[in-house]
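Trainee: Could you take a close look at one single part of this model and explain how it is set among the parts around it?

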Amino acid sequence: MLARLVSIQVGLPAVHGEPGADDPLDQPWRTGFFKAPVAGPVWLGRLNLVGDGQANRRVHGGPDKAVLAYAASHYPMSRTELNLPDLPYGAFAENFTVDGQDEEAVCLGDVYAIGTARVQVSQPRQPCVNISHRWKLPDLTQRVEATGRHGWYLRVLAEGEVVAGEPLVLLERPFTEWTIARATRALRQRTSHPAEAAALAQVPALSEAWRTTLSR
């Protein structure tokens, strides 16, 4: 099935929440998690899409995590499980909502042409507490982690314009054995399966952050 970019979302860091709120999930926090859809061409630079940004640059963003992609096929299940029938694309802070791809199909090192840009898959996404904070569901981060519906990051090899509706054209797939799903399992089980973790660390396309974690 041909992969297609069905929606593009961006958002800059802003403060959300209510001062003095009793519930910690309602208290003010600064985040770039809230993403809104973009119509028309968007410039994709080395570090992000125009109009997009991250609040905590220590753990988010950077050249290896310029774009977060997420499978459109996950949304029907999430809408039902969370009882949120109107859950929009971008709900999991992804920049690219992609049809025809998921964690079992995408591989580390995949190179795609999207519009005039070229991107490469660099690492799986590790769910963080911001997912729970965004939707005010305390266990949501753990639920996302348990399902494996995480998403994956892209680095930008060539800047260019991207538009929702365009295909993702696979140009290279050098590591067919290293799906996003397998890489995620290897990181989680690095203590119990050190050989698998060591093999993952040797994948040249893997992000520097994951390589550092595995080297420990």
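Mentor: The account that follows takes one residue, then the nonpolar cores, then strand pairing. This is a predicted model, in which local features need pLDDT of at least 70 and side-chain atom pairs count only at pLDDT 80 or more, whereas totals for chains, interfaces and linings use all residues. Residues are numbered from 1 along each chain as its sequence is written, and side-chain values use heavy atoms, leaving out hydrogens and water.

R149 is found in the loop between α3 (140–147) and β10 (152–158); helices (H or I, at least four residues) and strands (E, at least two) are DSSP runs numbered from the N terminus. R149 has a relative accessible area of 10% and is therefore buried (under 20%, with a 1.4 Å probe and protein chains only). The side chains of R149 and E81 are joined by a polar contact of 2.5 Å, the term covering N or O pairs within 3.5 Å where, within protein, one atom can donate a hydrogen and the other accept it, and residues adjacent in sequence count only if both atoms are side-chain atoms. Beyond four places in sequence, R149 is in contact (heavy atoms within 4.5 Å) with Y70, H74, M77, S78, E81, E103 and V144.

The largest nonpolar core has 39 residues, of which L44, F96, L108, V162 and L200 touch the most other members. Apart from it lies another core, of 13 residues, which includes V144. Such a core is a set of buried Ala, Val, Leu, Ile, Met, Phe, Trp, Tyr and Cys residues joined through side-chain atoms within 4.5 Å.

Elsewhere, β12 (residues 167–172) pairs antiparallel with β1 (residues 3–10) over two bridges; pairing requires at least two DSSP bridges. The bridge partner of R4 in β12 is P167.

Notes:
Buried means under 20% relative accessible area, exposed over 50%, partly exposed in between (1.4 Å probe, protein chains only).
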